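These exercises ask for residue environments to be read from coordinates. Work through each task before turning to its solution.

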Amino acid sequence: MAATPQGDGVDGIIRQWSQVRPDLDCSPMAVIGRLSRASRLLERALKEHFAQYGIEPWEFDVLATLYRSGPPHTVSAGELSTAAMVSSAALTNRIDRLVHKGLVDREVDPTHRRRVLISLTPAGIRATEELVGHHLANEERLLDGLAATERTQLERLLRTLLISLGDQPQTAAAD
C-alpha cells in the first residue's frame, strides 16, 4: 500500500476558495472535486490499459455486459443501451464497430421483428474471457493505495451516494 500523500490537487483549490471567500463552506466542492478528478484519472488509466489489447473501454463494457448475461450471451439493443447508459444512436455506432471486428453479431429477434438482439460471437467470448482477468488485475493495481478496510468503506459510501442520486440496479449493468 502506498503512503498517504500530504495533499492533492483539490486541496489547493479549496485553499484558494478559503482565501478569497472564507465565508463559504467548500466541503461539498472537496468531495465532488475529488470524485470528478478520481473519475478522470481512472478513466485515463483504463483507456491506457485497454489500448494495450487494441480495444477501447466502451468496447470492453459492451463485451462484458453481453458475457455477464450468461449463455447464449445475447441481450436486446434496448437492454444494452440502458446498461451502457448511452443513446440508441451511440449504441448503434458501437455495435457497428464491434460487428466489424467480429466480436458481436446483430440480428432481428425472430419473436418480435422490431427488437434487435446483440450476441457475442465465439471470438467475442474468447476475447472477453481473456480480457476480464487483465482488467481485474489492472483495477486491483489502481486501488492498491487503499487498505482492504478503506476499499470496503469507500464501496459502501459510494453505493449510498449513488442510491441517493437515483441509481438503481439493472438486469444487465455495465462494468
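**Exercise 1.** Which backbone oxygen lies 2.5 Å from a polar atom of the side chain of S81?

Solution. The model is predicted: local features need pLDDT of at least 70, side-chain atom pairs count only at pLDDT 80 or more, and totals for chains, interfaces and linings use all residues. Residues are numbered from 1 along each chain as its sequence is written, and side-chain values use heavy atoms, with hydrogens and water left out.

Step 1. Place the residue: S81 belongs to helix α4, residues 77-84. Helices (H or I, at least four residues) and strands (E, at least two) are DSSP runs, numbered from the N terminus.

Step 2. Find the partner: the oxygen is that of V86, 2.5 Å from the S81 side chain. A polar contact is a pair of N or O atoms within 3.5 Å; within protein, one must be able to donate a hydrogen and the other to accept it, and residues adjacent in sequence count only if both atoms are side-chain atoms.

Step 3. List the surroundings. Apart from neighbours within four places in sequence, S81 is in contact (heavy atoms within 4.5 Å) with V86, S87, S88 and L91.

Step 4. Classify: S81 counts as buried because its relative accessibility is 12%. Buried means under 20% relative accessible area, exposed over 50%, partly exposed in between (1.4 Å probe, protein chains only).

**Exercise 2.** Describe the surroundings of E59, starting from its accessibility.

Solution. Step 1. E59 sits in helix α3 and is buried, because its relative accessibility is 1%.

Step 2. Its side chain reaches the backbone nitrogen of E56 at 2.6 Å. A polar contact of 2.8 Å also joins the side chains of E59 and K101.

Step 3. Not counting residues up to four places away in sequence, E59 touches G54, L98 and K101.

**Exercise 3.** Which elements give two or more residues to the largest nonpolar core?

Solution. Step 1. Define the set: a nonpolar core consists of buried Ala, Val, Leu, Ile, Met, Phe, Trp, Tyr and Cys residues joined through side-chain atoms within 4.5 Å.

Step 2. The largest such core has 15 residues, and those with the most contacts inside it are V62, L66, L80, I95, L98, V104 and I118.

Step 3. The elements are α3 (57-68), α5 (88-100) and β3 (116-120). Helix α3 supplies the largest share, 4 residues.

Step 4. Take I95 as a case: leaving aside neighbours within four places in sequence, I95 is in contact with V62, L80, V104, R106 and I118.

Step 5. A second, separate core of 5 residues includes F50, I55, F60 and A64.

**Exercise 4.** Examine the backbone of the loop between α3 and β1 (74-76), then the surroundings of S76.

Solution. Step 1. P72 is in this loop, and a cis peptide bond with omega of about 10 degrees joins P71 and P72.

Step 2. H73, in the loop between α3 and β1, has a positive phi, near 60 degrees, and is a residue other than glycine. Most residues other than glycine have a negative phi, and most peptide bonds are trans. H73 is buried, with a relative accessible area of 9%.

Step 3. S76 lies in strand β1 and is buried at 7% relative accessible area. S76 and R115 are 39 residues apart in sequence but 6.8 Å apart in space, C-alpha to C-alpha. Leaving aside neighbours within four places in sequence, S76 is in contact with R115, V116 and L117.
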